Amino acid sequence: MDGFLLLDKAKFPASFAGDVNPEEAEFMADSQVPWGVNALGGTISEAAWKAKPSWYLLTTEDRMLPPDAQRLMSKRAGATVVEVKGSHAVYVSHPQAVAHLIEKAATGALEAANDKGTTTAAAR
């Protein structure tokens, strides 16, 4: 579709939202927004994970990003990893796990910033 991809609606639930109730997965399939293939070729001049702490919610039942690939990416980023038995649509099927990880990341990032500020102030 001219440089954009959509998942086949019939395959969407099993591929993207295997642990979401069927009606919701069907709605998600019907309302998906195409994503641009050109995004895969984008370049990043400075990856934030190289200089900042990161967290990763690894979904063990993901059929879009294999768990082993997620493990490699999160390890490379030095991320704090939390694993959830969930699909790619974990934000729908396990919103509490997502919210908990966001809270953990926010707290951890704040602590890291405070530690960095303390270290910087002590160095003066």
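In this short talk I will go through one predicted model of a protein chain, first as a whole and then element by element.

Let me begin with the overall layout, since it helps to have the order of the elements in mind before we turn to single residues. The chain has 5 helices and 4 strands, and if you follow it from the N terminus, these elements come in the order β-α-α-β-β-α-β-α-α. The radius of gyration of the chain is 18 Å, whereas the globule rule gives 14 Å for 124 residues, a value well exceeded here, so the chain is more spread out than a compact globule. You can set that beside the extent of the C-alpha trace, which spans about 60 × 35 × 25 Å along its principal axes.

How much of the chain is buried? Of its 124 residues, 23% count as buried. The area that the chain exposes comes to about 8,900 Å², and carbon and sulfur atoms supply 58% of that area. As for the contacts, if we take those between residues at least 6 apart in sequence, 64% of them join residues that are at least 24 apart. The chain also carries 12 positive and 15 negative charges, and the mean positions of these two sets are 10 Å apart.

Now let us look at two of the helices, beginning with α2, which covers residues 22–31. The buried residues in this helix are A25, M28 and A29. If you look down the axis of α2, these buried residues fall within an arc of 100°, so they line one face of the helix. What do they pack against? The buried residues of α2 pack against α1, which is residues 12–16, and against α4, which is residues 90–93. On the face of α2 turned away from the buried side, you will find the exposed residues E23, E26 and F27.

The other helix I would like to show is α3, residues 67–76, where P67, Q70 and S74 are buried. Around the axis these three cover an arc of only 55°, which puts them on the same side of α3. The partners here are strands, because the buried residues of α3 pack against β3, at 55–59, and β4, at 80–84. The face turned away from that buried side carries D68, L72, K75 and R76, which are exposed. Just after α3 comes G78, and this residue takes a positive phi of about 65°.

From the helices we can move to the loops, and I have picked three residues there. Where does G18 lie? G18 is in the loop between α1 and α2, and with a relative accessibility of 57% it counts as exposed. Leaving aside residues up to four places away in sequence, G18 touches P13 and S87. By contrast with those contacts, the C-alpha atoms of G18 and A51, which are 33 residues apart along the chain, are separated by 35 Å.

The second loop residue is E61, which sits between β3 and α3 and is partly exposed, at 42% relative accessibility. Apart from residues up to four places away in sequence, E61 touches K85, G86 and S87. If you now find G117, which is 56 residues from E61 along the chain, you will see that the two C-alpha atoms are separated by 39 Å.

The third is K52, in the loop between β2, residues 35–36, and β3. K52 is exposed, with a relative accessible area of 57%. Its C-alpha atom is separated by 9.3 Å from that of A77, which is 25 residues away along the chain.

Finally, I would ask you to find helix α5, residues 95–123, which contains A112. Is A112 buried or exposed? Neither term quite fits, since A112 is partly exposed, at a relative accessible area of 29%, and a residue would need under 20% to count as buried or over 50% to count as exposed. How far is A112 from P53 in space? From C-alpha to C-alpha they are 7.6 Å apart, although their positions lie 59 residues apart in the sequence count.

Definitions and conventions
Residues numbered from 1 in each chain as written. Predicted model: local features only at pLDDT ≥ 70, side-chain atom pairs only at ≥ 80, totals over all residues. Heavy atoms only, no water. Buried < 20%, exposed > 50% of the residue type's maximum accessible area, 1.4 Å probe, protein only. Arc of directions from axis to C-beta. Contact = heavy atoms within 4.5 Å. Rg over C-alpha atoms; globule rule 2.2 N^0.38 Å. Areas by Shrake-Rupley, 256 points an atom, 1.4 Å probe, with all protein chains shown as cover. Lys, Arg positive; Asp, Glu negative; His and termini not counted. Charge placed at Lys NZ, Arg CZ, Asp CG, Glu CD.
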